[in-house]
Amino acid sequence: MSSPGVTGRRSAAARLAGIGLLAGGVAAVLYVAGRLHTPNYAFGLFGRSGLDAIVLKSLLASIVLGLAALQVLLALWIYRKLPLAGSPPRPARLAHRVIGFGLFALTVPIAVHCLIAYGVQLTSLRVAVHSLAGCFFYGAFVAKVLLVQSRRLPGWVLPVAGGALAVLVGVLWYTSALWYYNGLRLPGA
């Protein structure tokens, strides 16, 4: 007979494994779909194509980066990890969720354009990192949503998932918008 604590740990581990597998599955499906898809370079974003689409995507990606930074600050405040910030007001959690939804909604047209116009390409290190980070972002997002809904998980799980999302947003912005703003070169490259 096992003690209740061992069973709880086992079920939490099983939930984490299931969520991880589902997140990995989402990333894998996006990767395979992007690799099998024939790119349509003429596909536009909100009626814009070519350089106009890149300019718009860079602007949207920069907004997403700013919102992701705000999300990290809100999460740190909610978890009382910001020095001198005090307790967050009650609406901070709601603001975190609303901004998170808005952030996700802003990424969808960017991702749809990337997937249809370019697919998943591995033609250079920058493009490969960007393509793979985009696939992992949506897998990590699925994991974060499921983790938020799960109970009795270790306290470190949700901050790690949120942090992973923020890092992926940074990588995506660095390999796309910053690349564009820096004259189609990565800084230091």
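The following exchange asks how the descriptions of this predicted model are justified.

Reader: What makes the model fit to be read at the level of residues, and which conventions apply?

Author: This is a predicted model, in which local features need pLDDT of at least 70 and side-chain atom pairs count only at pLDDT 80 or more, whereas totals for chains, interfaces and linings use all residues. Residues are numbered from 1 along each chain as its sequence is written, and side-chain values use heavy atoms, with hydrogens and water left out. With pLDDT being the predictor's confidence in each residue, from 0 to 100, the chain has a mean of 92, and 96% of its residues reach 70 or more. Confidence is lowest in helix 1 (residues 4-36), at a mean of 88, and highest in helix 6 (residues 177-181), at 97.

Reader: How do you know what secondary structure the chain has?

Author: Helices (H or I, at least four residues) and strands (E, at least two) are DSSP runs, numbered from the N terminus, and by that rule the chain comes to six helices and zero strands.

Reader: Why is histidine 130 called buried, and what does it touch?

Author: Buried means under 20% relative accessible area, exposed over 50%, and partly exposed in between, with a 1.4 Å probe and protein chains only. Histidine 130, found in helix 4, has 18% relative accessibility and therefore counts as buried. Taking contact as heavy atoms within 4.5 Å, histidine 130 touches Cys114, Leu172, Thr175 and Ser176, not counting residues up to four places away in sequence. Valine 127 is also found in helix 4, and its relative accessible area of 16% makes it buried because that value falls under the cut-off.

Reader: What makes phenylalanine 46 exposed but leucine 184 partly exposed?

Author: Phenylalanine 46, in the loop between helix 1 and helix 2, stands at 59% relative accessibility and so counts as exposed. Leucine 184, in the segment after helix 6, stands at 48%, and therefore counts as partly exposed. Phenylalanine 46 has a phi near 50°, a positive value in a residue other than glycine, and leucine 184 has a positive phi of about 60° although it is not a glycine.

Reader: Why is the set of residues that includes Phe137 called a nonpolar core?

Author: A nonpolar core is a set of buried Ala, Val, Leu, Ile, Met, Phe, Trp, Tyr and Cys residues joined through side-chain atoms within 4.5 Å. The largest such set has 11 residues, namely Val64, Ala68, Leu103, Ala133, Phe137, Tyr138, Ala140, Leu165, Leu168, Val169 and Leu172. Helix 2 (51-78), helix 4 (125-149) and helix 5 (157-174) each supply at least two residues of this core. Phenylalanine 137 touches Leu103, Thr107, Leu165, Leu168, Val169 and Leu172, not counting residues up to four places away in sequence.

Reader: How do you know that the span of helix 5 agrees with expectation?

Author: The expected span is 1.5 Å times one less than the number of residues, so the 18 residues of helix 5 should span 26 Å, and its end C-alpha atoms are indeed 26 Å apart.

Reader: What makes the buried residues of helix 5 line one face?

Author: Val157, Ala161, Leu165, Leu168, Val169, Leu172 and Trp173 are buried in helix 5. Seen down the axis of helix 5, its buried residues fall within an arc of 150°, so they line one face of the helix; the arc is that of the directions from the helix axis to the C-beta atoms.
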